[in-house]
Amino acid sequence: MAEAAAAADNNGNPTHYVAEPSVWIFGYGSLCWYPGFEYDKCITGYIRGYVRRFWQGNTTHRGTKEKPGRVATLIEDNNGITWGCAFRVTGRPALEYLKHRECTLGGYATDFIKFFPRVASEHSGFSGEAFLALVYIATPKNELWIGEEPVVETARQIAQCKGPSGHNVEYLIRLALFMREELPGAADAHLFELEDLVRRFVAEANVTIGSLLGSTPRRIRRDSHEEVRRHVSFEYTSRVPEKNLRCLHI
């Protein structure tokens, strides 16, 4: 998608119109509560055929080279549904920012996947039909890949690791809070099992969760076209998943 933007000469006079790229970006990890870029709209929803797993290591945001943190990625699963939110951005700054944050520093690759809005509204322009969204996915090909490990071990590492962007516990807890507050009723057994274990490990260390969360992030207005927050219904779990479509190299 693209939107028109005015170009100007050295005196600031409009000359012609050039296309500004506009794209939807699907967030399923820290982007859900801390996007870090400007966007036009934010809506909640899900993708099919994937599950969220904390199988990616992190040494630049939530861990160090000596003690890598654990962050989320997507793993293909025919029956999987992953909930998150999609941001619509226009122009290159957001994409360049994310390329550095997710690809250069995080080790993620990019792809386009169908995103299904949670709430449809005629007035908002969301018909409920899926549209393509850019997504960042870590794969075993990158050097930070952890892969499957006992969930207790993952939780133990999260409880102990921290990096330049803050404690690894904050990443997990704020993501779990996002799911409960914005997507009440949505299931994510892996995420919530990790949360329970991490809370236990933190308590055993005589540390409070609040002391690990850092400053409160800016409130994100999502699903502004929804008048009353509705619980996620069972209907989503019965839908047949679809595969990803194609890669985007940025």
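## Salt bridges, a helix contact and a pocket

By the rule used here, the count of salt bridges comes to 11. Keep in mind that this is a predicted model. The protein has four helices and eight strands, and along the sequence they run β-β-β-β-α-β-β-α-β-β-α-α. Of its 250 residues, 50% count as buried.

**Overall picture**

- Take the contacts between residues at least 6 apart in sequence: 75% of them join residues at least 24 apart.
- The pattern opens with β-β-β-β and ends with α-α.

**Salt bridges, pair by pair**

- E195 and R180 meet through their side chains in a salt bridge, at 2.6 Å from N to O. E195 sits in helix α4 (residues 189-204) and R180 in helix α3 (residues 168-182), so this pair ties together parts that are 15 residues apart in sequence.
- The two partners are not alike in exposure: E195 counts as buried because its relative accessibility is 2%, under the 20% cut-off, while R180 is partly exposed, with a relative accessible area of 40%.
- R219 and E181 make another salt bridge, with N to O at 3.9 Å. Here R219 lies in the segment after α4 and E181 in helix α3, so the pair ties together parts that are 38 residues apart in sequence.
- R219 counts as exposed because its relative accessibility of 61% is over 50%. E181, at 47%, counts as partly exposed.
- E96 and R92 also pair up side chain to side chain, at 3.2 Å from N to O. E96 is partly exposed at 40% relative accessibility, and R92 is partly exposed with a relative accessible area of 40%.
- Beyond these pairs, R62, E170 and R174 are linked in a network of salt bridges.

**Helix α2 and its neighbours**

- Helix α2 covers residues 151-160, and its buried residues are V151, T154, A155, Q157, I158 and A159.
- A bit of helix geometry helps when reading that list: an α-helix has 3.6 residues a turn, so residues three or four places apart point the same way.
- The buried residues of α2 pack against three strands, β3 (41-58), β4 (69-90) and β8 (166-167), and against helices α3 and α4.
- For the α2 and α3 pair, the axes come within 6 Å and cross at roughly 115°.
- At that contact, Q157, I158 and A159 from α2 meet N168, V169 and L172 from α3. The residues of this contact divide into four nonpolar, two polar and no charged.
- Q157, I158 and A159 are also among the buried residues of α2.

**The largest pocket**

- The largest pocket holds about 410 Å³ of space.
- It is lined by 25 residues, and those nearest its centre are S30, Y34, R62, R101 and Y171. One of them, R62, also belongs to the salt-bridge network with E170 and R174.
- The elements that give two or more residues to the lining of the largest pocket are β2 (14-27), β4, α1 (93-104) and α3.
- Among the contributors, α1 gives the most to this lining, with three residues.
- In chemical terms, the lining of the largest pocket divides into 12 nonpolar, nine polar and four charged residues.

Methods:
Residues numbered from 1 in each chain as written. Predicted model: local features only at pLDDT ≥ 70, side-chain atom pairs only at ≥ 80, totals over all residues. Heavy atoms only, no water. Salt bridge = Lys/Arg side-chain N within 4 Å of Asp/Glu carboxyl O. Buried < 20%, exposed > 50% of the residue type's maximum accessible area, 1.4 Å probe, protein only. Contact = heavy atoms within 4.5 Å. 1 Å grid on protein atoms, 1.4 Å probe; cavity = no way out; pocket = protein on both sides within 12 Å on 5 of 7 lines; lining within 4 Å. Points joined across faces, edges and corners; volume = space filled by probe spheres on them. Nonpolar A, V, L, I, M, F, W, Y, C, P; charged D, E, K, R; others polar. Axes fitted to C-alpha atoms, helices over the stretch in contact; angles between N-to-C directions.
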